[in-house]
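Hi there,

Here is the structure I promised to pass on. Have a look at it first, and then read my notes below.

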Amino acid sequence: MKISILILFVITSIILFGTKKTSAQVWSAVGSGLNAPALTMVEYKGLLYIGKLNFNFPDEINKWDGVSLTGVGTGTNGPVGALIIHDSLLYIGGGFTVAGGNATADVATWDGNAYSAIGNQLNNFCIN
């Protein structure tokens, strides 16, 4: 009887205390920080992409590789408010008419190397 109670106590202790994990949350800066408010973020091809509310062309979208924060190609000429991945492309939405030097209407794709326009279906709309 005493062995059964002892085994039950040990098993209960393991369940209650042995599986409890503690992990401290540690915050760290992304480089020296952003020069404008972040509107959206997504991980794409191992990098963190950040769309911003910035009208300082071409610095509306940045990527963070864990060490440095850099621009994405030649950027867009207006804010980037939406980022989503579909069919291995990063879709970028916002309030811009140029992405990577290509005329576009508020939405474009990024393949990791270059921007591509999608068309003019959303002319003069801001995607958030």
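**What I found**

V80 has G94 as its bridge partner in β6. Please keep in mind that this is a predicted model.

Let me start with the strands around that pair. G94 lies in strand β6, which covers residues 89-94 and runs antiparallel to β5, with six bridges joining the two. How buried or exposed is G94? The residue is buried, because its relative accessible area is 0%, and the cut-off for buried is under 20%. G94 also comes close to A82 in the fold: the two are 12 residues apart in sequence, while their C-alpha atoms are 6.2 Å apart in space.

Both strands belong to an open sheet of four strands, in the order β5-β6-β9-β10 and with antiparallel pairing. Which strands stand at its edges? They are β5 (80-86) and β10 (115-117); each has a single partner strand, so one side of each is left without a neighbour in the sheet. From one strand to the next, the twist in this sheet averages 30°.

There is another open sheet of four strands, and its order is β1-β2-β3-β4, again with antiparallel pairing. Here β1 (38-44) and β4 (69-71) are the edge strands, pairing on one side only. The twist averages 25° from one strand to the next. Within this sheet, β3 (residues 61-64) and β4 run antiparallel and are joined by three bridges. If you want a spot to click on, try K63, which stands opposite T70 in β4.

Now for the interior. The largest nonpolar core has 14 residues, and those touching the most other members are Y49, I61, L83, L90, I92, W110 and Y115. Which elements give two or more residues to this core? They are β1, β5, β6 and β9 (107-110).

I61 is a good residue to centre your view on. Leaving aside residues up to four places away in sequence, I61 touches Y49, I50, T70, G71, V72, G75, V80, L83, I92 and Y115. That list brings us back to V80, the bridge partner of G94, and it also includes T70, the residue opposite K63. Among the contacts of I61 are Y49, L83, I92 and Y115, and these four are named with I61 among the core residues that touch the most other members.

Enjoy exploring it, and write back with any questions.

Best wishes

Note on methods:
Residues numbered from 1 in each chain as written. Predicted model: local features only at pLDDT ≥ 70, side-chain atom pairs only at ≥ 80, totals over all residues. Heavy atoms only, no water. Pairing = 2+ DSSP bridges. Axes fitted to C-alpha atoms, helices over the stretch in contact; angles between N-to-C directions. Buried < 20%, exposed > 50% of the residue type's maximum accessible area, 1.4 Å probe, protein only. Core = buried A, V, L, I, M, F, W, Y, C linked by side-chain atoms within 4.5 Å. Contact = heavy atoms within 4.5 Å.
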